[in-house]
Amino acid sequence: MSSVVFTTTTTTTTTTTTTTLPPTWDLVGATLSDNFAHYLDLLGRVPGGQIVLRYIRSSYKNDPIRSLFELALFIFALNYFLSSKKKENKSDLIKFSDREIDDLVDEWVPEPLVEDLTPLERWQLNSIPTIKGKNGSHVIINDKPVVNLASSDFLNLNENQNVKEAAKSSISSAGVGACGPPNFYGTQDVHVRLEEDIAKYLDGEQSILYGQDFVTAGSVIAAFLKRGDLCVVDSGVNLAIQKALIVSRCDIEWYNHNDVDHLEKILVELKPGLDKQKPIRRRFIVTEALFASTGDICTLPKIVELKNKYKYRLFLDESLSIGVLGGTGKGVVEHYGIPRSEIAITIGSMALSFASSGGFCVGVEPMVHHQRIQSNAYVFSASLPPYSAKVASQSIREITSNLNSLGRSQLVQTLHDKTLFVYEALTAASKKSPYFEVISSPHSPIVHLSLKAEYRSQLNLPALYGNTTFLAKGKPAKLLNEFDDFYNIESFVLQKVIDFVLLQSNILVSRSKNIIEHENLPLLNPHLLVYVNNGVSKDELTRATQILPVAFAEVLKNVKNEDTLFDLTDDLVMYDEHYKQL
Amino acid sequence: MSRTTTYTTEIPNAPEDHRPAEILSELEYGKLTSKNYLYESRHPVGEALPTPIDDEPPYIIYIATYISYLILIIIGHIRDFFGKIFKPRDYQDLVEKDGYAPWEDGFESFYVRRLKLRIDDCFARPIHGAPGRYIKCFNRVREGKVGYLYDGTSNECLNLSSYNYLGFAQSQGVCTDFALKCVDERGTSCCSPRSIAGTTDLHQECERVIAEFVGKEDAIIVSQGYGTNANLFSSLADAKTLVISDELNHASIRFGIRLSGASVKVFKHNDMKDLEKLIRNQIAQGQPKTHRPWKKIIIAVEGLYSMEGNLCNLPKLVEIKDKYKCYLFVDEAHSIGALGPHGKGICDYFSLDPARVDLLMGTFTKSFGATGGYIAGDKALIEKLRVNYITQAYSEGVPPPVLGQIVSSLKVINGSLNPGEGEERLKRIAFNSRYLRLGLKKLGFIVYGADDSPVIPVLLFLPAKMPSISRMLYSSKIAVVIVSYPATPLISGRARLCVSAALTKEDLDYVLKQFSVVGDMIYLKFSSGIAGGSKIAGVPPRWSIEDVLASNVLDCKQPKLGYTFSSDSQDSGEKLD
């Protein structure tokens, strides 16, 4: 097409030039054409040269300028293909002599590899509790027996004898480590068995195991979403998914956290553009089932309806909800009574309710098979230890084997009862307290307590921390978030509540420990977290729900405004000494 | 075997093994057969690291390799073309359906469908039991496109495939006992991320022991090796930091750097001149566009490269890093435990003070029979990471049995548990690595990598030789890993042998014999001799297997794996037997 355009323009110019040529031009032209004919003759003898000649002859047609023009085009094209891409960037480089570079090297003062912890940060290090001996529902901290309401082993299977026996039988026959990636002799019978067990338990076609829960999302999403693919994502997703989306480089649209109306609005807006797309690219709706940052549950029925209507696949992170939601712990899908087949990709963790380690992904056969070769964390990493696989299989058996008359798992039912108990007790207490409120769902075994919005505004605390670059532009901010004084002091206030509860009642609760530097989405205020687990008795839960309001009141009694809040800074800097006294 | 064999599509459960415990123990970790079969791996101080020599095969091999791939690709496309017409059901996963894009399109999956799937039986052979000296692979036959049928029996192969350098993949012994005790006392799960409620005294002990072992002030442990690297760089680097990475660095390092958003420059594998030139230019030019100086420059390398068997040139790297004020990150995934007179990795091997490397990363999967990874460094660095490292706050901690395995195996290595056993393991892996490598070189195979490396890649080049070597060795009860694109360049497909301290010298003799037979049969003995192994300088090495076995014990203990061998050494070798 383009060459046609060029030739028409050149012919018009030649007609004007030839008329104004001086007579000497004819002479020069004659000698040139003699020589030229000689070379053409030579070219004709080269194999294949005849074809070139014929082309030149047919294009020449008494129009030398046209031939010259074509030659120039040919040279340009040749030059373009031969010049490497790197060369183009060279224009940006400055030339230095060796001596100048030596001087620049001497001059250069790099920053330290990491900045040391500042006095304002150091308390975080010292606030990490150290458990002596076994971890579980009851632990030893500072040589005192403590009720552990900070463990994610919700069903208390870590203390289950059958689970331990399963681990021991595996270790006594296969050792501890798997000693190889799954594709190179790292797959054992127990791994395959667990994949079958998980698929069966969650009513999926097939499943695949990962060695660590956090890497699962990053590897699964990156295996399917590439540049040009699209996903519509809940803006409250956890860090693992945030990082996964960044790495995948796909196009991202955000909908407000758990706001299905907003989701629908976005899907409607996107539809006209997508209808024209040829070929169709992969598109996903990405959400968590039970959100780690807020403790609420996604509105799955509506999302499923929308994804079917607008032809999206659904990626669901059930890390926190497997073993927790639904009558037999099958997650948010069972909670709402929706078939698993509606969920294209489900990922989950085995390090929480299953008392094992690692992560998994469940879905249809081609999806899982694709990951066995294309998913980084599966291909380039050692398999899960065989004993972990056996433990997870045993845990599934423990959950599903002991059903009550309604067909619900006893273990999960106990957790539901205890969770609801804590939720109701704390909700009732929060109504009387000016300081805190419960913001998680009544089904979440991690009960989120937040400082009340009015109280927070009284202290001049910002509504959200972090940055909005990722939300606004779809590309993450180039630099990490800065250290935030408000976030730090608000976290510290919660730590004081935690310490009070630990000191007064020997109960360990926790708080959200999101690392603000790494969060790419706007970060909610830190929450005080109560991790309910089956091993803790009702009495102990009652004690916890009674002491918490007291602790909030005691810690915050003198904190009335921003100034009094930051008066706690002295306390924060001296935290190390303070903690030693505990 | 018999006509009544019943096949199942599901992998059978591991059959019960009723052999006596001593025999089972011997099958996991062979007893040392002679004190002669020990060696200490250490690089002579002050001597430059010899540049690894990658031998080239005859041109005909290269041409044949390219033609092979061309034929495979053409046949693949022909099959796709007719398959789409006549067997559309086989392709339904590759085309749009009801308005949904396919999971993977035909182009993306072509390599897997049409090349990898042809030799699928050589990958992911399911096993049972501890992958020690022997590995038990379930027998299976192909069924349909991706399925297999199992008859319940298994094939007990000599194990040259697992990462089991020091032979700690055992189901009995002190380490296993300690791991079992951890299950009883502490359960099976860490129960929580480290910074919430997942830090126990055992975690702290493990970090202390590993820090002491590698010679750093402090260390931090993570539940997976891949996850260690994948999240580390976010805590160290941002867009104003430059990370200079070796071109053959492991996927986890590359993923981690990409996640951090740092600028990356890649230097030629192990090429210190290229690295220095790159650093000089980068310091001079600064950041792109703005030309502001970089905040910091981190050099990321591996101690031992898992596909090449090459060591990094640590003495030179440390010199460069000091000269140009960069920071050095060394991934010791394969070198920790496997190298150095005390098994302390690449610094130990080069007799260098570990303080001169800023970040030492390693994994527990390869040498310690456990799983997970660690970062070791100065106290201030590790303290910062405890607060600012993604895995600490968001991911599971290391579970108790794994901690038990790590702590006990480290104690065996440093001699505080079962004195003498750790030293023997270290000396056996050093001897075994050199013995097998030199033997293969003498036979005429092209072998990559450093003399002391326990990773021994045997180059095959032609794609068709990959399944043939894998199947032939498998039928003579030797398990090896074959690797090809994308883990290696397309033309240099290879069989990778991972040597273990659990193997005896006699095991290696058997491996050499089988390799010699297979090498003759499928024409793999085509080395030119420039990488060593020749009897007479300049003549390609083609020793007979008898000659190799007769002389190899003494020859492999020569400080440099002799590039020529005097007749003396050969004679004394014969005398020994």
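This note goes through the contact between chains A and B, one pair of helices, and one residue of chain A in a predicted model.

1. The contact between the two chains draws on both partners, with 104 residues coming from chain B and 99 residues from chain A. On the side of chain B that touches chain A, the residues divide by class into 49 nonpolar, 35 polar and 20 charged.

2. Two packed helices are described by the angle between their axes and the distance between the axes. For helix 8 of chain A, residues 161-174, and helix 4 of chain B, residues 174-186, the axes come within 10 Å and cross at roughly 175°. Because an angle over 145 degrees counts as roughly antiparallel, helix 8 of chain A is roughly antiparallel to helix 4 of chain B.

3. In this helix pair, chain A contributes K164(A), A167(A), K168(A), I171(A) and S172(A) from helix 8, while chain B contributes T176(B), A179(B), L180(B), V183(B) and D184(B) from helix 4. Sorted by class, the residues of this helix contact are five nonpolar, two polar and three charged.

4. Turning to a single residue, L230(A) lies in strand 5 of chain A, which covers residues 230-234. L230(A) counts as buried because 20 C-beta neighbours lie inside 10 Å, and the cut-off for a buried residue is 20 or more.

5. Leaving aside residues up to four places away in sequence, L230(A) touches C250(A), D251(A), R281(A) and R283(A). As for L420(A), this residue is 190 residues apart from L230(A) in sequence, and the two are 38 Å apart in space, taken from C-alpha to C-alpha.

Definitions and conventions. Residues numbered from 1 in each chain as written. Chains lettered and ligands numbered in written order. Predicted model: local features only at pLDDT ≥ 70, side-chain atom pairs only at ≥ 80, totals over all residues. Contact = placed C-beta atoms within 7 Å. Nonpolar A, V, L, I, M, F, W, Y, C, P; charged D, E, K, R; others polar. Helix = DSSP H or I, 4+ residues; strand = E, 2+ residues; numbered from the N terminus. Buried ≥ 20, exposed ≤ 12 C-beta atoms within 10 Å, placed from the backbone. Axes fitted to C-alpha atoms, helices over the stretch in contact; angles between N-to-C directions. Parallel < 35°, antiparallel > 145°, perpendicular 65-115°, else oblique.
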